[in-house]
Amino acid sequence: MTNFGRVFGRKSNASRGSSPSIGWPRDNDGIQRIFSKEMWEGEGSAAQVLRLAGMSPDDPENMLPTQEVVSARMDAKLVQRARWLDAVNAEFPASGQLEPYSMIPWTFWHEGRFASLLILGCKLYPAEKWNTLLLPRDDESSRYHGLPKHPGGYPDAFNQALREKLTAIADHSRMIEDVTTSKVKNRDPKASGFVMARAEMYRSYTETIKRYALGFSAIIFGEDAIERHEQTFGCHLER
């Protein structure tokens with residue numbers, strides 16, 4: 001299983017951190033659900049509201065992954081990234097080799113509220129292509145590609161600014177989760193609208209987070225470098 005670590009994406013060897021599912025209660029069957037199984041019981045209950053939104057208790061969208069499932073997905077994403085990085089590096093000589101740089105650092109993916117937002121809410125993972133820059137591994141490779149060398153870390157100011165942005169999103173999404181759950185439990189006539197709005201919120205935040213990642217990277221490396229990077233490697237990446 002994956003052993004997370006170097007936060008800039010080269011190699012992982014630190015502790016896993018907390019599960020993004022911590023804090024969610026388990027149903028009697030041991031499964032963590034966004035809307036618990038008891039909320040679906042009875043025809044005159046909150047179940048009607050949820051069914052109006054086109055949901056059922058065992059929908060994948062309603063079931064939270066366990067730490068083991070998240071770790072397995074992390075493993076798979078890392079394997080995929082290693083394979084396509086090898087394929088990209090095979091196109092260049094030894095003087096032009098590249099390393100992956102995770103635009104949203106791995107450390108953020110280990111903090112409970114950020115993990116809940118990124119992994120559970122937005123269905124994102126750190127080793128995916130959208131979160132990756134391909135940067136030269138040494139000075140020689142930097143000259144070859146005309147791109148800044150992999151820095152091996154992140155400026156403190158970057159971490160602070162990104163933390164502020166993600167905290168605002170995480171706090172807002174948590175509030176919406178709480179309000180939506182309350183509306184459903186209380187059979188509010190507008191509850192189904194809240195359920196659908198919740199799904200749309202995460203779709204919107206997914207795009208916002210991706211923009212933040214690329215935007216902050218442009219501040220660190222310069223817009224010209226990011227533009228050159230996208231022109232050179234855009235065919236290999238998914239934004």
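In this predicted model, Trp 130 is buried, its relative accessible area being 6%, and Trp 109 likewise counts as buried, at 2% relative accessibility. Phe 92 and Tyr 144, in turn, form an aromatic pair of the edge-to-face kind, with 6.1 Å from centre to centre and 80° between the planes. Since Phe 92 lies in the loop between α2 (67-89) and β1 (98-102) while Tyr 144 belongs to helix α4 (residues 139-145), this pair ties together parts that are 52 residues apart in sequence. Tyr 144 is partly exposed, with a relative accessible area of 40%. The rings of Trp 109 and Trp 130 also pair, and because their centres are 6.3 Å apart and their planes stand at 50°, the pair is tilted. Trp 109 is placed in the loop between β1 and α3 (112-121) and Trp 130 in the loop between α3 and β2 (132-136), so that the two rings tie together parts that are 21 residues apart in sequence.

The count of aromatic pairs in the model comes to nine. One aromatic cluster is formed by Tyr 101, Tyr 154, Phe 158, Tyr 212, Phe 216 and Phe 221.

Helix α3 is mostly covered, seven of its ten residues being buried; these are Phe 114, Ala 115, Leu 117, Leu 118, Ile 119, Leu 120 and Gly 121. The buried residues of α3 pack against α2, α5 (156-185) and α6. The helix is followed by Lys 123, whose phi is positive, near 60°.

With respect to α5, helix α3 packs at an angle of about 75°, the two axes being 9 Å apart, and α3 and α5 are therefore roughly perpendicular to each other, as angles of 65 to 115 degrees are classed in this way. On the α3 side, the contact involves Arg 113, Phe 114 and Leu 117, which meet Arg 163, Leu 166, Thr 167, Ile 169, Ala 170, Asp 171 and Ser 173 in α5. Sorted by class, the contact of α3 with α5 has five nonpolar, two polar and three charged residues.

A further helix contact is that of α6 with helix α7 (residues 223-233), whose axes come within 6 Å and cross at roughly 120°. The two helices are therefore oblique to each other. Here Leu 214, Ser 217, Ala 218 and Phe 221 in α6 meet Glu 223, Ala 225, Ile 226 and Glu 230 in α7, and by class this contact has five nonpolar, one polar and two charged residues. Phe 221 is thus found both in the contact with α7 and in the aromatic cluster that includes Tyr 101.

Ser 217, which takes part in the contact with α7, is found in helix α6 (residues 191-221). This residue is buried, because its relative accessible area is 0% and the class of buried residues covers values under 20%. A polar atom of the side chain of Ser 217 lies 2.9 Å from the backbone oxygen of Ala 213. When the neighbours within four places in sequence are left aside, Ser 217 is in contact with Tyr 101, Met 103, Leu 133, Gly 222 and Ile 226. Among these partners, Tyr 101 is a member of the aromatic cluster, whereas Ile 226 belongs to the α7 side of the helix contact.

Note on methods:
Residues are numbered from 1 along each chain as its sequence is written. This is a predicted model: local features need pLDDT of at least 70, side-chain atom pairs count only at pLDDT 80 or more; totals for chains, interfaces and linings use all residues. Side-chain values use heavy atoms; hydrogens and water are left out. Helices (H or I, at least four residues) and strands (E, at least two) are DSSP runs, numbered from the N terminus. Buried means under 20% relative accessible area, exposed over 50%, partly exposed in between (1.4 Å probe, protein chains only). A polar contact is a pair of N or O atoms within 3.5 Å; within protein, one must be able to donate a hydrogen and the other to accept it, and residues adjacent in sequence count only if both atoms are side-chain atoms. Contact means heavy atoms within 4.5 Å. Axes are lines fitted to C-alpha atoms, for helices over the stretch in contact, and angles run from 0 to 180 degrees between N-to-C directions. Angles under 35 degrees count as roughly parallel, over 145 as roughly antiparallel, 65 to 115 as roughly perpendicular and the rest as oblique. Ala, Val, Leu, Ile, Met, Phe, Trp, Tyr, Cys and Pro count as nonpolar, Asp, Glu, Lys and Arg as charged, and the others, Gly among them, as polar. Rings of Phe, Tyr and Trp (its six-membered ring) pair if their centres lie within 6.5 Å; planes under 30 degrees apart count as stacked, over 60 as edge-to-face and the rest as tilted.
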